[in-house]
Amino acid sequence: MNLIHLQQISRRYQMGGETVHALREVSLEIQRGEYVAIMGPSGSGKSSLLNIIGMLDDASEGEYYFLDKGVHTLKEKQRSQLYKQYIGFVFQAYHLIDELTVYENIETPLIYQNVKSSERQAMVADILDRFQIVGKKGLFPTQLSGGQQQLVGIARATAKRAPLMM
Ligand SMILES: Nc1ncnc2c1ncn2[C@@H]1O[C@H](COP(=O)(O)OP(=O)(O)O)[C@@H](O)[C@H]1O
Ligand SMILES: [Mg+2]
């Protein structure tokens, strides 16, 4: 079973009267345990592709299978269930929750995954330790540097131990 299988995925954006073709019939397969780098010049469609694979956006055309489930056939709610369960996404612009501490930001996805409280505590403690940010756990995102916020974003995505980290 492939982790990811894209079949002829296209993504078009409407800009006023113009149509921008960000992706044209992209097909690819990624197995569990594989490391994949997507490279290309600015504007070549990398973010468009990552947003579709990460289930943050829909393709205009084509089929997307995640662990053999047809993501293109799912409703919003089912798709967000899959996202919560299986995907750790590191956002370029961090997207930490400003009202939550570092600790709580890392813990939040685990709550959505229905991880038990005691297990959650152990997982967050482990991640704080591995990322060497134990001393920052009570701080809010605005009290951190950009680099530290990025680190917390990566820690949050990692804590989920998701089969797809991106
Ligand atoms: N929301 C959007 N609306 C209109 N055009 C977009 C949008 N997002 C991306 N594009 C266009 O799609 C193309 C690919 O963009 P993008 O996927 O962000 O590329 P990359 O991440 O490789 O720099 C670009 O021409 C960009 O202008
Ligand atoms: Mg980009």
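A residue is classed as partly exposed when its relative accessible area falls between the limits for buried, under 20%, and exposed, over 50%. R12, at 28% relative accessibility, therefore counts as partly exposed. This assignment, like those below, refers to a predicted model.

Six salt bridges are present in the structure. R12 takes part in one of them, with E61 as its partner. The closest N and O atoms of this pair are 2.9 Å apart. R12 belongs to strand 1 and E61 to strand 3, so the salt bridge ties together parts separated by 49 residues in sequence. E61 is also partly exposed, because its relative accessible area is 44%.

Strand 1, residues 4-15, also contains R11. The side chain of R11 meets that of D57 in a salt bridge, at 2.8 Å from N to O. This pair, too, links distant parts of the chain, 46 residues apart. D57 sits in the loop between helix 1 (46-53) and strand 3 (61-66). R11 has a relative accessibility of 16% and so counts as buried.

A further salt bridge joins E76 and R79, with an N to O distance of 3.2 Å. Both residues lie in helix 2, which spans residues 76-86. They are three residues apart, about one turn of the helix. Their accessibilities fall into opposite classes: E76 is exposed at 57%, whereas R79 is buried at 6%. The pair does not stand alone, as D58, E76 and R79 are linked in a network of salt bridges.

Methods:
Residues numbered from 1 in each chain as written. Chains lettered and ligands numbered in written order. Predicted model: local features only at pLDDT ≥ 70, side-chain atom pairs only at ≥ 80, totals over all residues. Heavy atoms only, no water. Salt bridge = Lys/Arg side-chain N within 4 Å of Asp/Glu carboxyl O. Helix = DSSP H or I, 4+ residues; strand = E, 2+ residues; numbered from the N terminus. Buried < 20%, exposed > 50% of the residue type's maximum accessible area, 1.4 Å probe, protein only.
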